[in-house]
Structures are given as structure tokens and as C-alpha cells.
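Grab a pencil and work through these exercises with the structure open beside you. Try each task before you peek at the solution.

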Amino acid sequence: MSTSSADSPRSPGDDSPALDPTERRRILWVLLVPLFMSLISVSIVNVALSSIQQELEASSSALQWVLTGYALAFGVLLVASGRAGDVLGRRKLFIAGIAVFAGASLLCGLAPNTTVLNIGRVIQGLGSGMLNPQTVGIIQEYFQGRERAKAFGLFGSVVGVAVAIGPTLGGLLIQVLGPDAGWRSTFLLNVPIAALAIVLAFMWLPRRSRRPGKVDLDPLGVVVFGIAVLALLLPFVESQWGPWIWLSLPAGVLLVYGWVRWEKRYKRAGRAPMVDLELFRTASFSYGALLISVYFLGVTSIWIVVALYAQQGLGRTALEAGTLGLPASILSALIAPLSGRAVLRWGRSVVLAGMSLALLGIVLSVLVAYGMSHWGWHIVLFYVSLAFIGAGQGAVMAPNQTLSFADVPLRFAGAAGGVLQTGQRMGTAIGTALITAVAFGVLARADWDAAFTASFAVITVIVLIAMGIGIADMRRRTPEEPSRG
């Protein structure tokens, strides 16, 4: 059987220095700790919103911006910062991103009012958008073959745990420290972690061994793409502004079209575009990016619906609702490294197996919800059904990351990481708006059991579409590589 590109000793265009195992382990620790810190900030504030509203007397619109300000700033900067890391050095952008994130976290934690808090959240999102693409680029640069698969496995573990455990940690801090100190601590705990990460990054991240020639960041491409992403995301995260906000969606599509034309023209002129569109000729990357974007469109909304259902439908506390994702996060963390290694042998079939597990968990969760309301089933069964979803998450993220980057040249690594994560962020934003709209639309006419079922039915359809993309990727491969990545 032929060897997949994921097993190749070096990446296309790779001239990074060889490192020993101890040096690579240190690099991985430096990368994953701030990555966890930045991703957990997406979900940890969900359970802190009521405390923020109470202590700062926040309006509903100001409270909404605590969530959307971070998400918009994060999504807009991903591709641009990935490209900047490719050109200027990933180490520099990574450390700068941690520093910006830490400063913004301190500002949020000490905020006297919602205006300062929301300014801090926007800056926090910018810092997260700076550092996240660099983690993918640095893994691509210094890890090859099985070591890279293991690294992406741990990467997947961190993503899964950060998303699932955030509400639990936030609820615990508020319960132990009280409403005011509790919500502030969800931000302030980032500061010492970031300080340690910066020190370790200076000590352990290698300096770039090669220097670029003429620096070309394609400033017009950066600005147009950033505005396009903002226009595409805005209606889904700020729909309460009124129907007119949806006009930004076609405007965003036109901007993307104009950006593509500009990137092609920029390259024909002999310049280095923000994103070389040749990247999308790499089939493994294109399929992987599309698959994970569609997958995030569905599954990231699961935990929002579960939290709403547990608190409003079942009358549970925020802490109880937050703990429902704990078994799922543990399984995700355990399975992600294993699946990251398994993908070298089984390829896309590992991803499909993970999505099948997630589908099983979705169906079982609907059954458990029905059983709790009609047959008196205990809520502990919810932990079990949701655990299947967590197991599926662990078997999707890491293998898909490995497959997506198997053939990506190193010079595109940061930009490719930004593109991949931008797709995930857009999938998350659109999915959250869609699934919650379904839930509350059904709730207006029925009860929470019906709303929960309808939401999970839509999620099921979306996951099936993502599986169809994975199957298409398997079929387009050569006969010599029937199951390889």
C-alpha cells in the first residue's frame, strides 16, 4: 500500500530546522496552553452573562456584545494574521497575540462598566485571532509524519475540552467566588497563564532560521477580506439590529468576489497575495476545510441548546447545565490523540467514524429528553448520550486537521490555518443563529421538548451533509489509496 503524504518525512517546501523530541514537546506545550486559554474564553462567559448583567446593570444589547464583539474580532483577523505569520515570523505573531490577549483580559476583569468590558472583549478577540493561526503554522513547520499527527491529536483535544469545559469552569468560579468576583475571575485567570506562556515562548520557541526578502503583506487584500468576513458574520451575530442588517450578507459575497479577483491580479503582477488561491487546488485541504466548516455549522450549537434546555426546560442551575458536557469533554480529550495517530493508517474513514458517533449521540439525546419528560428517566442518562457526541468530536477534529494539512506547502501554513479557522468561526456563527432560531421558533408554538427535538433534527441533517463531503473525499482518491489520508 502506498504511503500517504501525511507520512512523508518533510512537508512541501519545508526547510525548517530539525529538532529533537524534547524540543518538540516544549514547543507543543508552549502552543497548546495559550490556545486553550483563548478558546475557553469563547464559552466560559456564557454562564457569566447573568452575573455581568446583575453586577454592571448591563442592557441586553450591551450583554450581547460581550459575546459578539469577541467573535467578530476573532473571525476577521484569522487569515490576515496567518499570512503575517508566514511572512514576518510565526513566533513574533504568536507572542504578540498572547500579550494582546492578556492585556485585554486584564481590562475585562477590571472593567467598571459594559463599555470598557466590550472594548476589552474586542481586543481580546483580536489577540486570539493573532495567536491561533500561528499554532497551526508552527506545528506544520516543526512536526512531520507521525509526530505531526500526534501534535494535531493534542490540538484536537484542547479544542474539544476548551469548548465543553468552559461553562462548567465559569459556573464553578461564580458559585465559589460570588457573582461579581466570579465573572471577573473568568477573565483575570488568563493573565498569569499568558505571562507564563510568553516567558516559555521566548525560551522554547525557535527563532526563524530563514528571513523573508521583501516583505509583502498585500494590505488591500487584507482590508477587503477582513471587511468581507465582517459583513458575512454580522447578520448572524447581530440580527437584533433589524432586518436591514441582512443587506450586509450580499455585500459580503460581493466583497469576497472582488477579493478573489484582486488576489489573482496581485499574483499576476508578480506580488505575493494574502492567500495564494493555488492553496485551494490542494484537494485534501479544500475538502477538509469544507467538511469542518459544515460540521461546525451543526455541532457547535449542541452545547448552547443543551444549556438552554437544561436551565429553561428542566429547571436546572447554570452549574448543573455546565457539567452536562464534562463526560463529553473527557472523552474528546482521550480520543483525539488516538484518532490523530489512527488517521495515518485509516485516513478519512476515521473522520467518518467520528461523525457517526456524534450522530448516535444526537439521536440518543433526543430519546433521553423524551424519556425524561414522558417516562421519568433520570438526567444522568443525558451525560451518557452527550458523551457519544464528545467521543465523535475527538475523532473528527484531529484527523481532519492532519488530512487537511498533509499536502499544504509550509509557505502557506499560516494562511491555510487562518482559512480553516475562519471557516469554523463562520460555521459556528451561522449555525448558532440558525439552530437557536429553530429552537425559539418551535418554543413559541410548543414546549422545550419539541424545541430540543427540532434543533437536534436540523443538526442531524447538517452532520449528514458533512459526512457526504467526507465520502466524496474518499471516492476522489486514487485506487492505490483507498482509505489513506
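**Exercise 1. Find the helices behind the nonpolar patch, then place W377.**

Step 1: α15 (348-374) and α16 (380-405) each give the nonpolar patch at least two residues. Helices here are DSSP runs of H or I with at least four residues, numbered from the N terminus.

Before we go on: this is a predicted model, where local features need pLDDT of at least 70 and side-chain atom pairs count only at pLDDT 80 or more, while totals for chains, interfaces and linings use all residues. Residues are numbered from 1 along each chain as its sequence is written, and side-chain values use heavy atoms, leaving out hydrogens and water.

Step 2: List the members. The patch on the surface consists of L367, Y370, W375, W377, V380 and L381, and together they have about 570 Å² of accessible area. Accessible areas come from the Shrake-Rupley method with a 1.4 Å probe, and for residues only the protein chains shown count as cover. To join a patch like this, residues need over 30% relative accessible area and no salt bridge, and nonpolar side chains (Val, Leu, Ile, Met, Phe, Trp, Tyr) are joined within 5 Å. A salt bridge is a side-chain nitrogen of Lys or Arg within 4 Å of a carboxyl oxygen of Asp or Glu.

Step 3: W377 sits in the loop between α15 and α16. W377 counts as partly exposed because its relative accessibility is 31% (buried is under 20%, exposed over 50%, partly exposed in between).

**Exercise 2. Describe the surroundings of S404.**

Step 1: S404 belongs to helix α16, and its relative accessible area is 0%, so S404 is buried.

Step 2: Look for its partner. The S404 side chain reaches the backbone oxygen of N400 at 2.7 Å.

Step 3: Leaving out residues up to four places away in sequence, S404 touches S284, F285, G288, A289 and L420 (contact means heavy atoms within 4.5 Å).

**Exercise 3. Classify the ring pair of Y309 and F452.**

Step 1: The structure holds 17 aromatic pairs. Rings of Phe, Tyr and Trp (its six-membered ring) pair if their centres lie within 6.5 Å; planes under 30 degrees apart are stacked, over 60 edge-to-face, and the rest tilted.

Step 2: For Y309 and F452, the centres are 4.7 Å apart and the planes are at 35°, so this pair is tilted.

Step 3: Y309 is in helix α12 (residues 302-313) and F452 in helix α18 (residues 448-475), so the pair ties together parts 143 residues apart in sequence.

Step 4: Y309 is buried at 1% relative accessibility, and F452 is buried at 0%.

Definitions and conventions:
Patch = residues over 30% accessible without salt bridge, like charges linked within 9 Å, V, L, I, M, F, W, Y side chains within 5 Å. Buried < 20%, exposed > 50% of the residue type's maximum accessible area, 1.4 Å probe, protein only. Polar contact = N/O pair within 3.5 Å; in protein donor to acceptor, adjacent residues only side chain to side chain.
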